[in-house]
Amino acid sequence: MTAIHVRRAQPSRTWGLVPDLASEVGRFFDIAAPFSTSDAASADLYETDEALVLEMTLPGLTGEDLDISVEGRQLTIKASLPEIDGEGRRYWFRGIVRGEISRSITLPSTIDVDAISARVENGVLRMAMPKALEAKARKIAISND
């Protein structure tokens, strides 16, 4: 149901340290604190009684930095995280994704696409996608005949 597409540069493993120390530091981080650039723009998608809610981390970005569109049932979120001039830096590891990020999610037909709202607060995009009235659970009255 959910397709996620993230384009990014590969992390650099240029240690710039004494080879044995670099190997040990690298081994420590791989074992003790693994990280993955596939976690870029991490997102949660959950359902409430009223809506489908998407929360996505986009540190340092504002609403003006995002391009959000819905075509048919396809929700697409695009952002550009600025590149950093790494000249003079000797990275121990790189885990911050830079460049273009795009995520696409196929929405269920139960979503009222005309009522979708979005806001960015503290680097978190939150989108509320209300369920159409006919999709909401209803209590059925039972008569005693």
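Trainee: Why is glutamate 121 called partly exposed, rather than buried or exposed?

Mentor: In this predicted model, glutamate 121 has a relative accessible area of 45%. Partly exposed covers what lies between under 20%, which is buried, and over 50%, which is exposed. The value of 45% falls in between, so glutamate 121 is partly exposed.

Trainee: What makes the contact of arginine 119 with glutamate 121 a salt bridge?

Mentor: The closest N and O atoms of arginine 119 and glutamate 121 are 3.5 Å apart. A salt bridge requires such atoms to be within 4 Å, so the pair qualifies.

Trainee: How do you know that lysine 131 is buried?

Mentor: Its relative accessible area is 13%. Buried means under 20%, and therefore lysine 131 is buried.

Trainee: Why does glutamate 47 count as exposed?

Mentor: Glutamate 47 has a relative accessibility of 57%. The cut-off for exposed is over 50%, so glutamate 47 belongs in that class.

Trainee: What makes lysine 131 and glutamate 47 a salt bridge?

Mentor: Their closest N and O atoms are 2.6 Å apart, and the limit is within 4 Å, so the pair is a salt bridge. Lysine 131 lies in the segment after β8 and glutamate 47 in strand β2, 84 residues apart.

Trainee: Why is the pair of glutamate 55 and arginine 126 called a salt bridge?

Mentor: The closest N and O atoms of glutamate 55 and arginine 126 are 3.3 Å apart. This is within 4 Å, so the rule is met. Glutamate 55 is in strand β3 and arginine 126 in strand β8, so the salt bridge ties together parts 71 residues apart in sequence.

Key:
Residues are numbered from 1 along each chain as its sequence is written. This is a predicted model: local features need pLDDT of at least 70, side-chain atom pairs count only at pLDDT 80 or more; totals for chains, interfaces and linings use all residues. Side-chain values use heavy atoms; hydrogens and water are left out. A salt bridge is a side-chain nitrogen of Lys or Arg within 4 Å of a carboxyl oxygen of Asp or Glu. Helices (H or I, at least four residues) and strands (E, at least two) are DSSP runs, numbered from the N terminus. Buried means under 20% relative accessible area, exposed over 50%, partly exposed in between (1.4 Å probe, protein chains only).
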